[in-house]
Amino acid sequence: MSSVLHPAAPGQDPSMPSVSPAEHSGRIAGDYRPISSHLAITPPVSVVIPAMNEAQNLPHVFKTLPDWIHEVVLVDGNSTDNTVEVARELRPDVKVVRQVGKGKGDALISGFAACTGDIIVMVDADGSADGNEIVSYVSALVSGADFAKGSRFANGGGTDDMTFIRKLGNSVLCTLVNTKFGARYTDLCYGYNAFWKHCLDKITLDCTGFEIETLMNIRVVKAGLRVQEVPSHEYNRIHGVSNLSAVRDGIRVLKVIVKEKGVGRAERRRGGGALGVRIPRGETS
């Protein structure tokens with residue numbers, strides 16, 4: 001059974017952060033996190049890193065993370081190397097979630113559930129994402145966006161890790177999503193994203209694989225959330241071999257797109273409707 005994250009229950013205000021009014025007021029008054037000599041933020045930022053056998057890559061990944069983030073949530077997908085030990089040595093305060101299910105989607109859902117920050121950033125553990133870009137994502141969010149979507153093909157972005165076939169497939173799938181759902185994406189299958197935690201109260205996450213990134217991109221648009229693309233550069237994986245498969249994962253992404261379009265038509269016919277709630281799994285330490 002896969003992990004699922006569902007929207008807030010009817011009557012719950014999804015726009016309110018998970019703190020009391022007094023706590024929120026105190027946070028605004030004094031809990032500033034300096035980013036530079038002339039810039040600071042109030043919202044605490046959680047970084048979720050799904051990892052399986054990434055011990056060799058974590059030193060580089062953690063080194064690029066800003067020191068002003070609130071917490072790092074490492075979701076360990078049953079690693080057989082010393083991924084967890086390396087993470088704790090690098091950052092003693094890291095929050096480790098032991099994944100019970102399988103797949104990147106399952107890992108992210110478990111990680112999101114463990115976050116305590118108001119902003120959540122998704123970062124891969126293979127060294128392909130530059131943590132120094134997090135400030136750009138956070139800036140987009142505090143400037144008014146609900147969801148900051150990384151793009152390798154927006155002006156200022158780039159990639160060192162895409163074959164011609166993957167670029168073509170991403171372009172075709174991106175065009176399909178833009179056409180079917182009224183989005184304006186320049187990139188679709190990219191996992192470096194950030195969002196306000198309250199966005200999770202407005203979308204349902206119910207898939208286990210790499211296609212979760214596409215699912216999120218579609219459902220934030222369907223939910224009417226404000227999306228801003230952030231130029232991002234994707235680097236080559238530093239160590240190890242990627243689990244990505246252009247054909248297999250492309251088919252899974254296509255299935256998600258087709259399913260979401262069908263769900264939209266069904267919801268319009270019945271005038272909406274709520275789904276049941278299942279709690280994400282994972283043991284935090």
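**A walk through the predicted fold**

Let's begin with how far to trust what you're looking at: this is a predicted model, with a mean pLDDT of 84 for the protein, and 81% of its residues come in at 70 or more. Two stretches deserve some caution. Over residues 12–30 the pLDDT stays under 50, and the model gives that segment 15 contacts beyond four places in sequence. Residues 272–279 also have a pLDDT below 50, and here the model shows 10 contacts beyond near neighbours in sequence.

Now zoom out to the whole chain. The protein has eight helices and 12 strands. Of its 285 residues, 48% are buried. If you take the contacts with a separation of 6 or more, 77% of them join residues 24 or more positions apart. As for the outside, the protein exposes about 13500 Å², and carbon and sulfur atoms supply 54% of that.

For a closer look, pick out two helices that pack against each other. When helices pack like this, the pair is described by the angle between the axes and the distance between them. Here the partners are α4, covering residues 104–114, and α7, covering residues 212–222; their axes sit 9 Å apart at an angle of about 60°. That falls short of the 65 degrees where roughly perpendicular begins, so α4 and α7 count as oblique to each other.

Which residues make the contact? From α4 come Lys104, Gly105, Leu108, Ile109 and Phe112, while α7 brings Ile212, Glu213 and Met216. Sorted by character, the residues in this α4–α7 contact are five nonpolar, one polar and two charged.

Technical notes: Residues numbered from 1 in each chain as written. Predicted model: local features only at pLDDT ≥ 70, side-chain atom pairs only at ≥ 80, totals over all residues. Heavy atoms only, no water. Helix = DSSP H or I, 4+ residues; strand = E, 2+ residues; numbered from the N terminus. Buried < 20%, exposed > 50% of the residue type's maximum accessible area, 1.4 Å probe, protein only. Contact = heavy atoms within 4.5 Å. Areas by Shrake-Rupley, 256 points an atom, 1.4 Å probe, with all protein chains shown as cover. pLDDT = per-residue confidence, 0-100. Axes fitted to C-alpha atoms, helices over the stretch in contact; angles between N-to-C directions. Parallel < 35°, antiparallel > 145°, perpendicular 65-115°, else oblique. Nonpolar A, V, L, I, M, F, W, Y, C, P; charged D, E, K, R; others polar.
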